[in-house]
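Colleague: I would like to learn how to read a model like this one, feature by feature. Could you walk me through it?

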Amino acid sequence: MNIVIINGSPRTKGNSDLLCDEFIRGAKENGNTTEKISLREYTVSPCKACYACFKTGKCVQKDDMAGILNKIKNADVLVLASPTYFMTMTGQMKVFIDRLLPEWQGLGGKDVYIIVTGHDRKEGLKRTADDLSDIFGYLGNTVKSIIWGEGVWQKGEVIGTKAMDEAYHTGKNIGR
């Protein structure tokens with residue numbers, strides 16, 4: 001299966017990044033192809049709400065989003081990862097979601113996995129997970145599971161937690 005991972009964390013090797021890597025490790029061991037798109041490495045400008053994409057099917061902005069959209073369209077499985085900032089997803093993830101507009105009707109039919117991290121327990125991370133689940137469910141996808149990287153804040157705190165094992169095993173069981 002072709003798996004695309006969208007990582008909304010602004011930190012390299014932060015907790016969300018580490019969980020994505022564990023998911024990838026498991027998925028690759030099971031013969032899947034993976035690509036991690038760390039939004040911090042791409043230029044994705046906010047939506048201008050011009051709605052030109054309704055007529056043309058393409059965004060008027062010339063940044064990296066068209067390439068990301070193409071990769072998502074060709075994916076069988078989508079993984080969305082975001083730390084929780086002030087009880088919601090990162091700004092990078094929200095801007096990415098807003099820019100799905102040109103292709104939103106053609107992004108369904110995928111299995112979706114969500115990775116959420118933050119210093120809070122599950123209750124504090126729930127809004128982020130619910131928002132991502134609702135948005136991608138609305139687009140016609142099936143949210144298969146949520147990996148909760150709870151109680152982690154500083155880089156690397158997720159190492160050795162049950163979330164690391166869960167990310168690995170979830171990735172390893174894709175397509176089984």
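## Reading the model together

Modeller: Gladly. Let us start with Met87, which counts as partly exposed because its relative accessibility is 43%. Keep in mind that this is a predicted model.

Colleague: Where does Met87 lie?

Modeller: Met87 belongs to the loop that joins strand E3 (77-83) to helix H4 (91-98). The backbone is worth a look there: Met87 is not a glycine, yet its phi is positive, at about 70 degrees.

Colleague: And what is the phi of Tyr51?

Modeller: Tyr51 is not a glycine either, and its phi is positive, about 60 degrees. Tyr51 sits in the loop between strand E2 (33-38) and helix H2 (53-56). With a relative accessibility of 44%, Tyr51 counts as partly exposed.

Colleague: Let me step back to the fold. How many helices and strands are there in the protein?

Modeller: The protein has six helices and five strands. Read from the N terminus, their order is β-α-β-α-α-β-α-β-α-β-α. The radius of gyration is 15 Å, close to the 16 Å given by the globule rule for 176 residues, so the protein is as compact as a globular protein of that length.

Colleague: What box do the C-alpha atoms fill?

Modeller: Along the principal axes, the C-alpha atoms of the protein fill a box of roughly 50 × 35 × 25 Å. As for the interior, 46% of the 176 residues count as buried. Contacts tell you about the chain path too: of those with a separation of 6 or more, 79% are between residues 24 or more positions apart.

Colleague: How should I read the surface and the charges?

Modeller: Take the area and its make-up together. The accessible surface of the protein is about 8,700 Å², and 51% of that belongs to carbon and sulfur atoms. For charge, count the side chains and then compare the centres of the two sets: there are 24 positive and 21 negative side chains, with centres 4 Å apart.

Colleague: Now a loop residue, please. Is Ser9 buried or exposed?

Modeller: Ser9 is buried, because its relative accessible area is 2%, under the 20% cut-off. Ser9 is in the loop between strand E1 (2-7) and helix H1 (15-29). Setting aside residues up to four places away in sequence, Ser9 touches Ser16, Arg40, Ala81 and Pro83.

Colleague: Which residues is Ser133 in contact with, leaving aside its neighbours within four places in sequence?

Modeller: Those contacts are Ile114, Val143 and Ile146. Ser133 is part of helix H5 (residues 122-138), and with a relative accessible area of 16% Ser133 is buried. For a sense of how sequence and space differ, take Tyr113: Ser133 is 20 residues from Tyr113 in sequence, while their C-alpha atoms are 8.8 Å apart.

Colleague: Last topic, the cysteines. How many disulfides does the count come to?

Modeller: First, the general idea: a disulfide is a covalent bond between the sulfur atoms of two cysteines. The count here comes to zero.

Colleague: Why is there no bond between Cys50 and Cys59?

Modeller: The closest cysteine sulfur to that of Cys50 is in Cys59, 6.4 Å away, so the pair is too far apart for a bond; the cut-off is 2.5 Å. Cys50 is partly exposed, with a relative accessible area of 47%.

Colleague: And Cys20, is that buried or exposed?

Modeller: Cys20 counts as buried, because its relative accessibility is 0%.

Key
Residues numbered from 1 in each chain as written. Predicted model: local features only at pLDDT ≥ 70, side-chain atom pairs only at ≥ 80, totals over all residues. Heavy atoms only, no water. Helix = DSSP H or I, 4+ residues; strand = E, 2+ residues; numbered from the N terminus. Rg over C-alpha atoms; globule rule 2.2 N^0.38 Å. Buried < 20%, exposed > 50% of the residue type's maximum accessible area, 1.4 Å probe, protein only. Contact = heavy atoms within 4.5 Å. Areas by Shrake-Rupley, 256 points an atom, 1.4 Å probe, with all protein chains shown as cover. Lys, Arg positive; Asp, Glu negative; His and termini not counted. Charge placed at Lys NZ, Arg CZ, Asp CG, Glu CD.
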